[in-house]
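Before reading on, take a moment to look over the chain and its fold. The paragraphs below are meant to be read with the model in view.

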Amino acid sequence: MIRGKRILLGICGSIAAYKAPHFVRLLKKEGAEVQCILTPDAHLFVTPTSLATVSQLPCLSEFTHSEDGTWNNHVALAEWADVFIIAPASANTLAKMATGRCDNLLLATYLSAKCPVFFAPAMDLDMYRHPTTLTNIQTLQSFGNTLLEPGTGFLASGLEGKGRMMEPEEMVEGLKSHFELAQSLNGKHWLVTAGPTYENIDPVRFIGNYSSGKMGFAIAEALAHSGATVTLVSGPTSLQIHHPNIQILRVTSALQMLEACLSVFPHVHGVVKAAAVADYRPETMATEKIKKSSEELTIQLVKNPDILAILGQQKTHQKIIGFALETNNELEHAKQKRLKKNADAIVLNSLNDEGAGFQTDTNRVHWVTENGCESWPLLPKEEVAKLIVQKIVSL
Ligand code: PMT
């Protein structure tokens, strides 16, 4: 999976940098091309000569070459790479990456990178668990960068705790799975729905809900990163898509969402319905703004079509993944929804779980199929999306 892949390795000033030459050797053995970039302080922990020797490419660190004034083109470096992995990633570099600082070659290359980015933090346990570091890590994950979780054990400080850089062997395995997953949905077309629906009461008011679209957008991006072509049908949200293989159809109401889904459903291999669709809509929409002339106002509601259930009835070859947002008796309701809507799997999230559900950057979900229920920890929505895609691949 790694043979012939171009790997940009960013190395920061952390004691774990001494493992970098070993990591490069492992990647080279797998047949990868490896280009190393050092931050200025990384030189204190590992020599450019060692890295150049094992990578068989000059090790870069400065914007320009002092001898002849030519420059190391960070844009070209970023374009060259299939992946950019920053290992070890120091607290300082994580902070700069999260805030767009650009005062060395590694950071300029990071800002230019359109390829998948991985980062492997390495630092003392107190630095790692400091709220600033944890917030920076979350910010990077929200950019779609992948955290290579540090291990727990003896640290260079003599203390014991979380902060050890992931072992090079594990990182190689992680990259292998990445490249495997990146091709796993080649040639497949998936439909994703995201966001809320707005059901108009009059020209200025609507019935809606708190969905931000984050979960659905993350799923669309993760599917596209796995090689799929994606049609994303989204209710009102300000979110933007980044991947060129995602076509977005923006809708407002449940009826419009149904129409958009039905237009592509026959042609897709599967659907993930992360949208929070209004179950009811006003029977009629007032053409003028309703005046507050009486003490009470009654709005007659009628049921919206259940889009997921309709797709479930119409499915021939498609895989169907629904969501369930519950507040009580969660698992039982999710199981019933899966059967009632003829879905292959239901992603259950509960409003009782802190950090889960509407608007948050994280979610805690349970994957419910005919085989039972698998619970995942609280994770950034981008990570939840990747796990869902892994499950889709195995379906
Ligand atoms: O958008 P975020 O802020 O990131 O929040 C994410 C989320 C909480 C919206 C998402 O994770 C989620 O749970 N989405 C489904 C919410 C929901 O409507 O759940 P439900 O249990 O009411 O619906 C079950 C399933 O039927 C869902 O797949 C829903 O899309 C679908 N449905 C529901 C009603 C309807 N009329 N048509 C449908 O297709």
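What follows is a walk through a predicted model, from its sheet to its salt bridges and then to its ligand.

The sheet is a convenient place to begin. Five strands make up an open sheet, and their order across it is β2-β1-β3-β4-β5. The pairing in this sheet is parallel. In general, the strands of a sheet pair through backbone hydrogen bonds, in either a parallel or an antiparallel way. The two edge positions are taken by β2 and β5 (146–147). Each of these edge strands has a single partner strand, so one side of each has no neighbour in the sheet.

Further in, strand β1 (residues 6–11) and strand β3 (residues 83–89) run parallel and are joined by 4 bridges. Gly10 has Ile86 in β3 as its bridge partner. Helix α2 (residues 48–55) packs on the sheet, where it touches β1 and β2. The direction of helix α2 makes about 170° with that of β2.

Charged side chains provide a second set of links. How many salt bridges does a search of the whole structure find? The search finds 16. One of them pairs Glu30 with Lys176, with 3.3 Å between the closest N and O atoms. Glu30 sits in the loop between α1 (20–29) and β2 (33–38), whereas Lys176 belongs to helix α8 (residues 168–182), so this salt bridge ties together parts that lie 146 residues apart in sequence. Are these two residues buried, exposed or partly exposed? Glu30 has a relative accessibility of 28% and therefore counts as partly exposed. Lys176 counts as partly exposed too, because its relative accessibility is 24%; the buried class is reserved for values under 20%.

Lys176 also forms a salt bridge with Glu173, and here the closest N and O atoms are 3.5 Å apart. Both residues of this pair, Lys176 and Glu173, lie in helix α8, with a spacing of 3 residues, or about one turn of the helix. Glu173 has a relative accessible area of 44%, which means that Glu173 is partly exposed. Elsewhere, Lys19, Arg164 and Glu167 are joined into one network by salt bridges that share partners.

Another salt bridge links Arg101 and Asp103, whose closest N and O atoms are 3.3 Å apart. Arg101, at 46% relative accessibility, counts as partly exposed. Asp103 is partly exposed as well, with a relative accessible area of 41%.

The last stop is the ligand and the residues around it. The ligand is surrounded by 28 residues, and the closest are Ser211, Ser212, Lys337, Asn349 and Gln359. A polar side-chain atom of Asn349 is 2.6 Å from an oxygen atom of the ligand. Backbone atoms also take part: a backbone N or O atom of Gly357 lies 3.5 Å from a ligand oxygen atom, and a backbone N or O atom of Lys214 lies 3.3 Å from a ligand oxygen atom.

Lys214 can be placed in more detail. Lys214 is part of helix α9 (residues 214–225), and at 27% relative accessibility Lys214 counts as partly exposed. Beyond its neighbours within four places in sequence, Lys214 is in contact with Leu239, Gln359, Thr360, Asp361 and Lys381. From Lys214 to Thr360 the separation is 146 residues in sequence, while the C-alpha to C-alpha distance is 8.1 Å.

Key:
Residues numbered from 1 in each chain as written. Predicted model: local features only at pLDDT ≥ 70, side-chain atom pairs only at ≥ 80, totals over all residues. Heavy atoms only, no water. Salt bridge = Lys/Arg side-chain N within 4 Å of Asp/Glu carboxyl O. Buried < 20%, exposed > 50% of the residue type's maximum accessible area, 1.4 Å probe, protein only. Contact = heavy atoms within 4.5 Å. Pairing = 2+ DSSP bridges. Axes fitted to C-alpha atoms, helices over the stretch in contact; angles between N-to-C directions. Near = heavy atom within 4 Å. Polar contact = N/O pair within 3.5 Å; in protein donor to acceptor, adjacent residues only side chain to side chain.
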